Amino acid sequence: MLPEAEINRVLVVTAHPDDVDFGAAGSVALFVDKGVEVTYLLATDGDAGGNERTLDNSGMAELRRTEQRAAAKAVGVTDVRFLGYKDGLVVPSIELRRDIARVIRQVRPDLVITHHPDRNYRNVAPSHPDHRAVGGSALDAVYPDARNPYAFPELLRDEGLEAWTVREVWLTGGSTPDHWVDITEAMDRKLAALQSHVSQVAHVEGFADFVRTRFAAWAEQAGFGADHYAEAFQVVPTG
Ligand SMILES: [Zn+2]
């Protein structure tokens, strides 16, 4: 794995508002504590989500962007970017690969965190079609697009964006995790981030308990002991 001291910038690429907060906000908080610069890139505005049916889709998109910015702030992240794809309709595409490759070249991250592109047959929720599309396109953007100066030559020609090699990718939501981060000291901030998505979680009874139970289970699987919490990833070397 990439030595922690060599991780200076992290880019998190997800499909919807709240995905990063379920999958990785605890790990993000710990990176921020160490002075790592973290950027969030969301493919959609989450305009097909929410519990409040009185809003039309554009109202929902604005609300969910605002909630995601608040959630980011709860773990110390201020750089939050949106690509504006339609929630529920994301497919792996050349356009999505170019849009992610552009941000990789702008941010120049050492590590990218994104969705596992394969379907998880043990638990359907992490395998939303948008998640698989974004995870697959993000991996394609990491290799080969962002590092290949001949891929999307307009990025260099028109925007001056030089090729960039991401050294490692961590995948969330897969069925074969092999890296667990002890997020115990950041658990309160992760929960605050999740609870920033008011339109998604405010109506869910026992939400905090549900979250703590879920991430305590990962800690148990990782062998971190009682009263610990963990997030789980599959690590892909891409250097
Ligand atoms: Zn999602």
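In which helix is P144 found? P144 is found in helix α5, and the legends below begin with this residue in a predicted model.

**Figure 1. A cis peptide bond leads into P144 of helix α5.**
The bond from Y143 to P144 is cis, with omega near 10°. Helix α5 comprises residues 129-145. P144 is found within this helix.

**Figure 2. A141 of helix α5 is buried among residues that include R97, I100 and A101.**
A141 lies in helix α5 and has a relative accessible area of 0%. When neighbours within four places in sequence are left aside, the contacts of A141 are R97, I100, A101, I104 and A146. The C-alpha atoms of A141 and L96 are 8.6 Å apart in space, although the two residues are separated by 45 residues in sequence.

**Figure 3. The zinc ion is bound by protein donors from H16, D19 and H131.**
The protein donors are ND1 of H16, two OD entries of D19 and NE2 of H131, at 2.0 to 2.7 Å from the zinc ion. Along the chain, these donors follow the spacing H-x2-D-x111-H. H16 and H131 bring together distant parts of the chain: H16 sits in the loop between β1 (9-14) and α1, whereas H131 belongs to helix α5, 115 residues apart. The arrangement is irregular because the four donor atoms subtend angles of 53 to 128° around the zinc ion. For four donors, a tetrahedral assignment would require all angles to lie between 85 and 135 degrees. Both histidines are buried: H16 has a relative accessible area of 7%, and H131 has a relative accessibility of 9%.

**Figure 4. A salt bridge joins D18 to R64 of helix α3.**
The closest N and O atoms of D18 and R64 are 3.6 Å apart. This pair links distant parts of the chain, with D18 in the loop between β1 and α1 and R64 in helix α3, 46 residues apart. D18 is buried at a relative accessible area of 12%, and R64 is buried at 3%. The structure holds 15 salt bridges.

**Figure 5. R65 and E62 form a salt bridge within helix α3.**
The closest N and O atoms of R65 and E62 are 2.6 Å apart. Both residues lie in helix α3, three residues apart, which corresponds to about one turn of the helix. E62 is partly exposed, with a relative accessibility of 39%.

**Figure 6. K190 of helix α7 meets E231 of strand β7 in a salt bridge.**
The N to O distance between the side chains of K190 and E231 is 2.6 Å. K190 lies in helix α7 and E231 in strand β7, so this pair ties together parts of the chain that are 41 residues apart in sequence. Both K190 and E231 are buried. Elsewhere, salt bridges that share partners join D45, E62 and R65 into one network.

**Figure 7. Helix α7 presents a buried face to surrounding elements.**
Within helix α7 (residues 187-195), the buried residues are M187, K190, L191, A193 and L194. Seen down the helix axis, the buried residues of α7 fall within an arc of 155°, so they line one face of the helix. The cover over these residues includes helices α1 (19-23), α2 (25-33), α3 (57-74), α8 (198-201) and α9 (207-222), together with strand β7 (230-237).

**Figure 8. D99 is a buried residue of helix α4.**
Helix α4 spans residues 94-107 and contains D99. The relative accessible area of D99 is 14%. The residue is counted as buried because this value is under 20%. Not counting residues up to four places away in sequence, D99 touches L83 and Y85.

**Figure 9. R108 and F152 are non-glycine residues with positive phi.**
R108 is found in the loop between α4 and β4 (111-115), and its phi is near 55°. F152 lies in the loop between α5 and α6 (153-159), with a phi of about 45°. R108 is partly exposed, at a relative accessible area of 31%, whereas F152 is buried, at 13%.

Note on methods: Residues numbered from 1 in each chain as written. Predicted model: local features only at pLDDT ≥ 70, side-chain atom pairs only at ≥ 80, totals over all residues. Heavy atoms only, no water. Buried < 20%, exposed > 50% of the residue type's maximum accessible area, 1.4 Å probe, protein only. Helix = DSSP H or I, 4+ residues; strand = E, 2+ residues; numbered from the N terminus. Arc of directions from axis to C-beta. Contact = heavy atoms within 4.5 Å. Donors = N, O, S within 2.8 Å, 3.2 Å for Na, K, Ca; no water. Tetrahedral: all angles 85-135°; square planar, octahedral: opposite > 155°, others 65-115°. Salt bridge = Lys/Arg side-chain N within 4 Å of Asp/Glu carboxyl O.
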